[in-house]
Amino acid sequence: MTPRLLCHPQGFDLPADLPTRVLGLLEEMDLLGTAFPVDGEVRYLTGPGFLDHVGFLGCAPDIPLEAPSRPEARARDARLGRFCHWRLTPLYPAPRLRMDPLAAPRCPACTRAVARPRLRPDGQVHCPACGMVSPAPDWRWKQLGACARFFLELLGIHTGEAVPGEALLAGLEGITGCRWGFAYVREAEPLPCDPCG
Ligand SMILES: [Zn+2]
């Protein structure tokens with residue numbers, strides 16, 4: 001399982017060129033390092049501004065920022081999240097729900113916890129306890145799940161280890177005109193194949 005911090009817009013009405021604009025913002029803030037390929041997609045090492053704009057919650061950050069120089073070793077370690085790096089998803093046509101295996105969000109109607117609920121095609125989540133359906137963002141995820149059309153991922157970050165800084169969030173919110181949230185999920189690599197991406 002690969003640990004990651006997911007930053008995501010909380011609104012669904014988003015500019016079509018969002019991934020490009022997010023990449024531009026990361027570049028502007030000196031957050032992007034060298035680009036490298038993993039399984040046919042481009043990922044990015046962290047740049048010199050990284051420690052200014054991502055807050056670490058422990059003491060001195062213990063997170064490897066260096067990648068192996070051999071391409072095969074780098075791709076393998078990237079899949080496992082053994083060093084910290086960026087991945088941007090495409091802008092999906094419909095919201096996607098991503099969550100940690102331990103996610104048990106609370107239903108907004110009855111407040112009971114439901115283990116790994118499923119997203120219905122209409123963007124709602126059904127509560128088996130009370131029978132209500134509610135929009136996925138209304139559930140209380142406790143930062144172990146997120147429903148969004150785009151994700152800016154920081155791989156190699158475990159739950160609660162780091163948070164996006166205020167300037168980064170403000171920059172992202174400036175692009176989309178909506179609030180951004182973040183969550184921590186562990187997911188298997190490679191990710192399930194993505195027919196829209
Ligand atoms: Zn319920």
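A residue counts as exposed if 12 or fewer other C-beta atoms lie within 10 Å of its own. With 12 C-beta neighbours inside 10 Å, Ala-73 therefore counts as exposed. That makes a handy starting point for a walk through this structure, which is a predicted model.

**Around Ala-73 and the sheet**

Ala-73 sits in helix H3. Its C-alpha atom is separated by 26 Å from that of Asp-100, and the two residues are 27 apart along the chain.

The sheet is the next stop. Six strands make up an open sheet, with antiparallel pairing and the order S2-S3-S5-S10-S1-S12. The edges belong to S2 and S12; each has a single partner strand, so one side of each is left without a neighbour in the sheet. On average, neighbouring strands here are turned by 30° against each other, direction ignored.

For a closer look at one pair, take strand S3 (residues 41-46) and strand S5 (residues 85-88), which run antiparallel and are joined over two bridges. In this pair, Leu-45 stands opposite His-85 of S5. Helix H1 packs on the sheet, where it touches S2, S5 and S10, and its direction makes about 155° with that of S5. Helix H3 (residues 71-79), the helix that holds Ala-73, packs on the sheet as well, touching S1, S2, S3, S5 and S10. The direction of H3 makes about 95° with that of S2.

**The nonpolar core**

Which residues have the most contacts inside the largest nonpolar core? They are Leu-5, Leu-6, Cys-7, Ala-146, Leu-154 and Ala-183, in a core of 38 residues. Two or more residues each come from strand S1 (2-9), helix H1 (18-28), strand S6 (96-99), strand S9 (145-148), strand S10 (152-155), helix H4 (166-176) and strand S12 (180-187). S12 gives the largest share, four residues. Both domains take part: the core draws at least three residues from each of domain 1 and domain 2.

Leu-5 offers a good view of how such contacts reach across the sequence. Leaving out residues up to four places away in sequence, Leu-5 touches Leu-154, Ile-157, Ala-162, Phe-182 and Tyr-184.

**Two loop residues with positive phi**

Backbone torsions are worth a glance too. Asp-30 is not a glycine, yet its phi is positive, at about 65°. Thr-111 likewise has a positive phi, near 65°, in a residue other than glycine. The table sets out where each one lies.

| Residue | Loop | Other C-beta atoms within 10 Å |
|---|---|---|
| Asp-30 | between H1 and strand S2 (32-38) | 14 atoms |
| Thr-111 | between S6 and strand S7 (124-126) | 11 atoms |

By these counts, Asp-30 is partly exposed, whereas Thr-111 is exposed.

**How the chain divides**

The domain assignment splits the chain into domain 1 (2-103 + 142-187) and domain 2 (106-140). How many Å separate the centres of the two domains? Taken over C-alpha atoms, the centres of domain 1 and domain 2 are 26 Å apart. Seven residues from domain 1 and six residues from domain 2 take part in the contact. On the side of domain 1 that touches domain 2, five residues are nonpolar, one is polar and one is charged.

How values were computed: Residues numbered from 1 in each chain as written. Predicted model: local features only at pLDDT ≥ 70, side-chain atom pairs only at ≥ 80, totals over all residues. Core = buried A, V, L, I, M, F, W, Y, C linked by C-beta atoms within 7 Å. Buried ≥ 20, exposed ≤ 12 C-beta atoms within 10 Å, placed from the backbone. Domains from an automatic or database assignment. Contact = placed C-beta atoms within 7 Å. Pairing = 2+ DSSP bridges. Axes fitted to C-alpha atoms, helices over the stretch in contact; angles between N-to-C directions. Nonpolar A, V, L, I, M, F, W, Y, C, P; charged D, E, K, R; others polar.
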